[in-house]
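Here is a short tour of a model for you to follow alongside the structure. Let us begin at the ligand and then move on to a helix and the confidence scores.

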Amino acid sequence: MNLTQPVLSARDLRRAYLVAGAPVEAVRGLSLDVHPGEWVAVVGPSGCGKSTLLNLLGAIDRPTSGQLLIRGRDVAVMDDAEATRFRLTGIGFVFQRFYLMPTLSAAENVELPMAEAKRPRAEREARAKELLTYVGLGARTDHRPFQLSGGEQQRVAVARALANRPALLLADEPTGELDARTGEEMIALFDRLNRDGTTIVTVTHDEELAQAARRVIHMRDGVIVDDQVRRPLESVARPA
Amino acid sequence: MIARLALASLTRRRGRTALTIAGVAVATAMLLDMVMLGSGMRESFRGFIEQQGFQLRLTPRGTMPFDSEATVGGAQALVARIAEDPEVVAVAPVLGAKLFTPRADSVVPAFLLGIDPAVQGDYVLAEGRDIAAPDEMVVNGAWLEATGVRLGDTIRVASGYDAQLRRFSGEGSVRVVGRGRFMMLAGGEKVAALPIATVQGMGGEDLRDRLSVVLVATRAGADVETVGRRIEASDARVSALSTEAALRFVDERLSYFRQLAFILASVSLITGFLLVTTLVTVSVNERIGEIAVMRAIGVARERIVVQVMLEGLVLSVIGAVLGLGLGIVTAKWLNEILSAFPGLPAAFDFFLFEPSAAVRSLGLIISCGIGAGLWPAWRATTLSIAQTLREEAVA
Ligand SMILES: Nc1ncnc2c1ncn2[C@@H]1O[C@H](COP(=O)(O)OP(=O)(O)OP(=O)(O)O)[C@@H](O)[C@H]1O
Ligand SMILES: [Mg+2]
């Protein structure tokens with residue numbers, strides 16, 4: 001039992017795609033609560049709807065039906081501008097591919113969401129430096145993505161996702177393109193983030209990543225078939 | 001940062017960007033040249049038809065308005081009669097003839113204009129002084145060059161020359177006092193002007209009391225057409241053509257050119273537009289994943305629109321500025337080629353540079369550049385984020 005207000009609350013969430021004229025339900029009536037400070041790993045066979053779910057949770061896709069409250073706000077009824085603003089300030093996204101802006105430096109990539117949120121330049125620069133130091137890239141701030149390894153790029157992407165202090169960090173296969181060792185580093189980074197208070201939902205095939213999470217949700221055919229808390233929440237500290 | 005991203009996307013593919021800018025520059029140059037061509041010919045005609053304030057041009061009836069061979073007799077009486085008209089303030093008779101200047105081993109032929117030095121509209125003095133005596137002559141640069149005569153020299157000339165018999169007729173001694181710019185004559189053509197009475201005298205019976213053109217200046221506010229009709233009614237041998245009518249006449253002839261210029265200008269504009277659209281579309285397609293990521297992390301639609309449009313704007317502004325220079329250079333070059341066309345007056349320009357026309361052309365190209373960004377920008381902002389990321393991950 002958790003007494004805190006959930007960060008995220010989904011009720012009977014559905015998402016259908018039209019494939020060759022016929023609707024295919026990728027997520028079919030899924031309900032889920034995520035509380036502050038949790039780290040949830042969503043696992044399941046390929047095609048079971050994990051990415052679809054994560055996109056819904058991140059407000060980059062809309063449910064066909066059902067309700068989705070994130071920090072008490074109904075994502076399904078937001079218009080594009082509201083949803084965009086919501087993603088900017090409320091959600092941090094880490095993608096399987098690192099998807100950094102290739103023409104910007106590591107620091108500028110981290111500053112991008114802050115610039116969009118109209119943070120003052122000095123604050124942006126200071127926070128970008130701080131975040132890159134946090135993910136272990138304090139010395140690489142001026143490097144461009146092509147000058148960084150895959151693991152380093154993914155860490156820049158994590159720093160970018162944290163830029164506007166989101167309530168929720170979402171990651172779709174964050175270790176998917178990394179080798180075992182850099183994958184482990186990434187897992188350690190997520191663990192540290194979570195210990196420092198960041199609420200995380202990751203979708204993964206990576207057993208080790210799933211093992212590290214506090215709570216593991218198994219999906220099959222668009223629904224949750226198993227939901228286990230492995231490590232209960234200790235005292236929760238809000239992230240810096 | 002958005003501006004940085006737009007510029008970065010242009011510098012990322014330098015060769016491609018440079019080619020597009022070159023294309024826009026060529027399109028701009030073409031557009032500008034066509035606009036200059038459209039107005040240049042018209043304004044040139046106006047310039048030399050208006051000839052220093054003469055509104056009417058009388059020529060022997062039945063000849064072309066700019067024919068210089070035909071003449072009418074009774075010149076003095078004709079001029080006096082026209083001058084009597086209450087609306088007329090100045091009458092400038094002109095007689096066209098030939099001038100032969102013997103040099104050491106050759107004879108230099110030239111075109112000779114008999115004019116009234118007090119009221120003439122054929123040349124503007126460029127050097128030396130104007131005619132003040134019956135035997136003083138103003139010439140053009142080409143004549144000076146061909147004869148080697150210098151201002152101040154007194155030389156012998158003739159109005160007739162039989163090349164077989166090597167015999168001169170209508171000989172006289174004249175003093176070259178000034179160099180003028182003759183507006184009606186083709187570049188390179190040699191020309192000299194003497195008082196009309198002197199020319200008539202040198203021509204003997206053939207030219208006695210004759211003239212080929214009369215330029216008439218009317219009082220300010222006078223109805224030029226009415227004065228023209230009145231003169232025509234009083235003397236059946238001449239027909240009057242007003243500056244405005246001449247311009248209309250020329251304008252009609254030029255309308256074909258202007259249409260051609262208009263079509264070519266439109267084609268240039270469309271080409272520039274398509275070029276920029278193509279590049280921006282390709283560039284957006286190339287970065288569609290990046291754009292989807294930007295949208296996913298919360299970058300607003302407007303910012304993406306600005307970024308994409310900025311790309312088109314930068315391309316078209318740089319292209320347009322380069323095209324301005326290119327257009328002026330090519331116009332000059334084409335003008336030289338076309339002006340060498342035999343029989344065209346030296347003052348005749350095919351291309352006229354007007355700052356307002358240049359600004360308009362640049363404005364058109366730049367608007368096209370902005371417009372060119374619209375479609376790709378619309379595509380970039382209406383993409384489905386989840387779908388695009390998914391497709392990019394597969395790609
Ligand atoms: N845009 C789409 N159009 C049509 N069908 C889609 C679309 N996106 C997802 N699907 C279908 O929805 C189902 C779930 O896809 P989803 O990507 O969510 O699975 P996943 O669990 O993330 O798989 P994986 O582990 O391979 O990434 C699949 O059957 C997929 O084919
Ligand atoms: Mg997936």
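In this predicted model, ligand 1 has 13 residues around it, and those that come nearest are S46(A), K50(A), T52(A), Q387(B) and R390(B); a residue counts as near if one of its heavy atoms lies within 4 Å. Because residues from chains A and B surround ligand 1, the site is shared between chains.

Three polar contacts (pairs of N or O atoms within 3.5 Å) are listed here:

| Ligand 1 atom | Partner in chain A | Distance |
|---|---|---|
| oxygen | side-chain N or O of S46(A) | 2.4 Å |
| oxygen | polar backbone atom of C48(A) | 3.3 Å |
| nitrogen | side-chain N or O of Y17(A) | 3.5 Å |

Now for the helix. In chain A, α4 covers residues 121-134 and reaches 20 Å from its first C-alpha to its last, close to the 20 Å expected at 1.5 Å a residue. Its buried residues (under 20% relative accessible area, 1.4 Å probe, protein chains only) are R124(A), R127(A), A128(A), L131(A) and L132(A). Seen down the axis of α4(A), these fall within an arc of 130°, so they line one face of the helix. Their cover includes α3 (106-116) and α5 (150-162) of chain A. Just after α4(A), G136(A) has a positive phi of about 85°.

As for confidence, the model scores ipTM 0.91 and pTM 0.73. Chain B averages a pLDDT (the predictor's confidence in each residue, from 0 to 100) of 85.

Residues are numbered from 1 along each chain as its sequence is written, with chains lettered from A and ligands numbered from 1 in the order written. Local features need pLDDT of at least 70, side-chain atom pairs count only at pLDDT 80 or more, and totals for chains, interfaces and linings use all residues, while side-chain values use heavy atoms, leaving out hydrogens and water.

How values were computed
Helices (H or I, at least four residues) and strands (E, at least two) are DSSP runs, numbered from the N terminus. The expected span of a helix is 1.5 Å times one less than its number of residues. Buried means under 20% relative accessible area, exposed over 50%, partly exposed in between (1.4 Å probe, protein chains only). The arc is that of the directions from the helix axis to the C-beta atoms. Contact means heavy atoms within 4.5 Å. A polar contact is a pair of N or O atoms within 3.5 Å; within protein, one must be able to donate a hydrogen and the other to accept it, and residues adjacent in sequence count only if both atoms are side-chain atoms.
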